[in-house]
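This report goes through one protein model for a first-year reader. Please keep the sequence and the structure in view while reading.

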Amino acid sequence: MSNQLTVQVEFVDSDPTRPDPAFVSAFTDQVLADLRSRGIDSQPVYTGAMGGDVYELIRQIAEGAAANKDILVAMIGGIIAPIVSVIAERVRQRDKASAHPPAPTPYVVVIVVEGARIEVADPDISTDELLRRLLAADPQLAEKISPETKPVVQVRVAGRRERR
C-alpha cells in the first residue's frame with residue numbers, strides 16, 4: 001500500500017510587467033515532459049486566472065513513510081528536488097543554445113510548505129540542503145507535515161527578452 005503526495009507547481013514569468021506567456025508555456029511543457037520521464041505525473045489545475053501555468057505533480061511514496069519527517073523527506077526528495085534539478089538542467093540547455101546567455105540566476109524557485117517559505121536560485125542545491133533550509137525557515141515543520149500537506153512550488157521563468 002502507498003501514500004500519494006501532491007505538490008502544486010506554478011510557472012510564472014519573472015517579470016509580470018512584461019510577460020512572455022509563449023516562452024513560459026514552452027518552458028513549462030519541457031519541464032513537465034522531463035518530470036514525466038522521471039516518473040512524476042502532472043495534472044493541470046484550473047485557477048480561473050490568466051498569466052500562469054498551474055499543475056499538480058503526484059508521486060507515490062511507500063507506506064512506511066508514515067512519520068512526519070519521513071513524509072517531509074519523501075516530499076523533498078521525491079518531488080521538490082527533481083523539480084529544481086529539471087529546471088536547472090533546462091536553463092543550462094537554454095544557455096548553451098543561446099548566443100547571448102542570461103546573467104547568472106535566470107530563474108528562481110519559491111517553495112512553500114506549511115507556511116515555511118524559501119527561495120532557491122542555486123541549480124545544484126542538494127536534497128539535504130533543501131531540507132535544511134526549510135527546517136531553518138520553520139523548525140516545527142516536521143511536526144506540521146502530513147500526507148495531506150500540499151506544498152506549493154512557484155517557478156519564476158526569465159522570458160526571452162531577459163536573455164538578450
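Of the contacts in the protein chain with a separation of 6 or more, what percentage is accounted for by residues 24 or more positions apart? The share is 70%, where a contact means heavy atoms within 4.5 Å.

The model is a predicted one, in which local features need pLDDT of at least 70 and side-chain atom pairs count only at pLDDT 80 or more, while totals for chains, interfaces and linings use all residues. Residues are numbered from 1 along each chain as its sequence is written, and side-chain values use heavy atoms, with hydrogens and water left out.

**Overall layout**

The protein chain has 4 helices and 6 strands. Helices (H or I, at least four residues) and strands (E, at least two) are DSSP runs, numbered from the N terminus. Read from that end, the order of the elements is β-α-β-β-α-β-β-α-α-β.

The chain has 164 residues, and 46% of them count as buried. Buried means under 20% relative accessible area, exposed means over 50%, and partly exposed lies in between (1.4 Å probe, protein chains only). About 8400 Å² of the protein chain is exposed, and carbon and sulfur atoms supply 50% of that area. Such areas come from the Shrake-Rupley method with a 1.4 Å probe; for residues, only the protein chains shown count as cover.

**The nonpolar core**

A nonpolar core is a set of buried Ala, Val, Leu, Ile, Met, Phe, Trp, Tyr and Cys residues joined through side-chain atoms within 4.5 Å. The largest one here has 43 residues, and F11, I80, I83, I87, I111, L130 and V153 have the most contacts inside it. Two or more residues each are given to this core by β1 (2-13), α1, β3 (53-62), α2, β4 (107-113), β5, α3 (127-137) and β6. Helix α2 supplies the largest share, 14 residues.

I111 can serve as an example from this core. Leaving aside residues up to four places away in sequence, I111 touches I80, V84, A116, R117, I118, V120, L130, L134, V152 and V153.

Which residues of α3 are buried? They are L130, L131 and L134. These residues cover an arc of only 95° around the axis, which puts them on the same side of α3; the arc is that of the directions from the helix axis to the C-beta atoms. D128 and A136, on the other side of α3, are exposed.

**Salt bridges**

A salt bridge is a side-chain nitrogen of Lys or Arg within 4 Å of a carboxyl oxygen of Asp or Glu. The whole structure contains 6 salt bridges, including the pairs in this table.

| Pair | N to O distance |
|---|---|
| D34 and R90 | 2.8 Å |
| E119 and R117 | 3.2 Å |
| E119 and R156 | 4.0 Å |

Why does the pair of D34 and R90 tie together parts that are apart in sequence? D34 lies in helix α1 (residues 21-37) and R90 in helix α2 (residues 68-97), so the pair joins parts that are 56 residues apart in sequence. D34 is partly exposed, at 21% relative accessible area.

R117, E119 and R156 form a network of salt bridges. E119 has a relative accessible area of 36% and is partly exposed. R117 is partly exposed at 45%, and R156 is partly exposed at 25%. The salt bridge between E119 and R156 links distant parts of the chain, with E119 in strand β5 (residues 116-120) and R156 in strand β6 (residues 152-157), 37 residues apart.

**The aromatic pair**

A pair of aromatic rings is described by the distance of the centres and the angle of the planes. Rings of Phe, Tyr and Trp (its six-membered ring) pair if their centres lie within 6.5 Å; planes under 30 degrees apart count as stacked, over 60 as edge-to-face and the rest as tilted.

The structure holds 1 aromatic pair. The ring centres of F23 and F27 are 6.4 Å apart and the planes are at 25°, so this pair is stacked. F23 and F27 are 4 residues apart in helix α1, which means that about one helical turn separates them. Are these two residues buried or exposed? F23 is buried, at 10% relative accessibility, and F27 is buried at 4%.

F27 also has a place beside R94 in this account: the two are 67 residues apart in sequence and 9.7 Å apart in space, C-alpha to C-alpha. R94 belongs to helix α2 and is buried, with a relative accessible area of 10%.
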